[in-house]
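Hi everyone, thanks for making time. I'd like to walk you through one structure today, so please have the viewer open.

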Amino acid sequence: MGVVDNGQVCDVSEALNLLPGCGYPFPRHDVLMEHLDEVRAVISRLLPDAERLQIDAVRFDPPVANPGKIVAAPVNYTRHLQEVLSDPNLHHDNQINHIERAGLFLKANSSLIGMGDPVAYCQPARRTDHEVELVVVIGKHCKNIQAEDALSVVAGYSVGLDMTIRGPEERSMRKSPDTYTVLGPWLVTADEIADPGALELTLAVNGATRQQANTSDLILGVRELIAFATRFYTLHPGDLLFTGTPEGVGPVVPGDRIVASIQHVGELQVQVVGGAE
Ligand code: MN
């Protein structure tokens, strides 16, 4: 485990030793996110003497190793809703609807990678699109949270790619191939983001900007999304909430390089490679 500071990564792996040992049946949530406050207290003690590595020399795994579930908003920006409705390649028989009618969906945990791994193209004859999204990392067990209290259950934020095969299948299938959920480059703790509803986000493919928006354009903001999700699911520490993508989605092919960035959070760089036939 590392703390990113001034272009370097401080090795604070020793702080993981305070996490409880787990026997079978293992917890269904992420124990690091559950104990993040205690871990951070130990990290502050370790930090002054921690070994420092250059950022380029470090391989980035997903900042949450074991999310219990990956919840995602289907269409949560008005201009993306209009884009989807006007392009037959982007919608088939699936429900395309206002988010409060369409609801949320789940992506398979087995699809999760960090910045250190490439996106491996699935179904080469079909189209895979990029979707940049602000991702909320949940820090507490919570159910039926009110929107005004919702930020109190947030552990932090990260940049997400909700990679998507276009076509008629259920979202949970098209968005869950191995490597189709990218999270990183790191987690920014909640105290570092004053307002998750005012963050610029951009995505470029091979240097050309494709998506550019601000989280102020979200139909359901972070607070409302958490409240909405917890009316159906208990959210647990480490659960990920993909908040939806803005307009400008488009295809990628093997060889492409995706750079997704969110203001005050970070920049996620991922290579797309050919997958197994
Ligand atoms: Mn999405």
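Let's begin at Asp162, which counts as buried, at 1% relative accessibility. Keep in mind as we go that this is a predicted model. Asp162 gives an OD donor to the manganese ion, alongside OE donors from Glu131 and Glu133, and the coordination distances are 2.0 to 2.1 Å. Along the chain, these donors follow the spacing E-x1-E-x28-D. Asp162 sits in strand β10 and Glu131 in the loop between β8 (128-130) and β9, so this pair ties together parts that are 31 residues apart in sequence. Is Glu131 buried or exposed? Glu131 is buried too, with a relative accessible area of 2%.

Now follow the chain into β9. Seven of its seven residues are buried. Both faces are covered: on one side you have Val132, Leu134, Val136 and Ile138, and on the other Glu133, Val135 and Val137. So we meet Glu133 twice, as a manganese donor and as a buried residue of β9.

Which strands pair with β9? One is β10, which runs antiparallel to β9 and is joined to it by seven bridges. Within that pairing, Val137 has Gly156 as its bridge partner. Another is β15, also antiparallel to β9, with three bridges. There, Val136 is matched with Leu241.

Next, helix α6, residues 222-230, which is mostly covered, with seven of its nine residues buried. Those are Val222, Leu225, Ile226, Ala227, Phe228, Ala229 and Thr230. And what do they pack against? You'll recognise some of the answer: β9 (132-138), β10 (154-162) and β15 (240-242), together with α4 (99-102).

Let's move to another sheet. This one is open, has five strands in the order β7-β18-β17-β13-β14, and shows mixed pairing. At the edges stand β7 (119-120) and β14 (208-214), each with a single partner strand, so one side of each is left without a neighbour in the sheet. Inside that order, β17 (residues 257-262) and β18 (residues 266-273) pair in the antiparallel sense over six bridges. If you want a spot to click on, Arg257 stands opposite Gln271 in β18.

A quick stop at Ile113, which belongs to strand β6 (residues 112-113). Ile113 counts as buried, at 7% relative accessibility. Leaving aside residues up to four places away in sequence, Ile113 touches Pro62, Pro118, Val119, Thr179, Thr181, Val182 and Leu183. Ile113 and Asp178 are 65 residues apart in sequence, and their C-alpha atoms are 8.3 Å apart in space.

Last topic, and perhaps one for the docking people: the pockets. About how much space lies in the largest pocket? About 1200 Å³. Its lining has 41 residues, and the closest to the centre are Met1, Gly2, Val3, Pro63 and Leu187. By type, the lining divides into 27 nonpolar, seven polar and seven charged residues. Several elements supply at least two lining residues each: β1 (2-5), β2 (8-11), α1 (31-34), α2 (36-46) and β12 (181-189). Which of them gives the largest share? That is β12, with five residues.

That's my tour, and I'm happy to take questions.

Conventions:
Residues are numbered from 1 along each chain as its sequence is written. This is a predicted model: local features need pLDDT of at least 70, side-chain atom pairs count only at pLDDT 80 or more; totals for chains, interfaces and linings use all residues. Side-chain values use heavy atoms; hydrogens and water are left out. Buried means under 20% relative accessible area, exposed over 50%, partly exposed in between (1.4 Å probe, protein chains only). Helices (H or I, at least four residues) and strands (E, at least two) are DSSP runs, numbered from the N terminus. Contact means heavy atoms within 4.5 Å. On a 1 Å grid over the protein atoms alone, a cavity is a set of points where a 1.4 Å probe fits but cannot get out, and a pocket is an open set with protein on both sides within 12 Å along at least five of seven lines; lining residues have an atom within 4 Å of a point. Grid points are joined across faces, edges and corners, and a volume is the space filled by probe spheres set on the points. Ala, Val, Leu, Ile, Met, Phe, Trp, Tyr, Cys and Pro count as nonpolar, Asp, Glu, Lys and Arg as charged, and the others, Gly among them, as polar. Two strands pair if DSSP finds at least two bridges between them. Donors are N, O and S atoms within 2.8 Å of the metal (3.2 Å for Na, K and Ca); water is not among the atoms, so sites may look incomplete.
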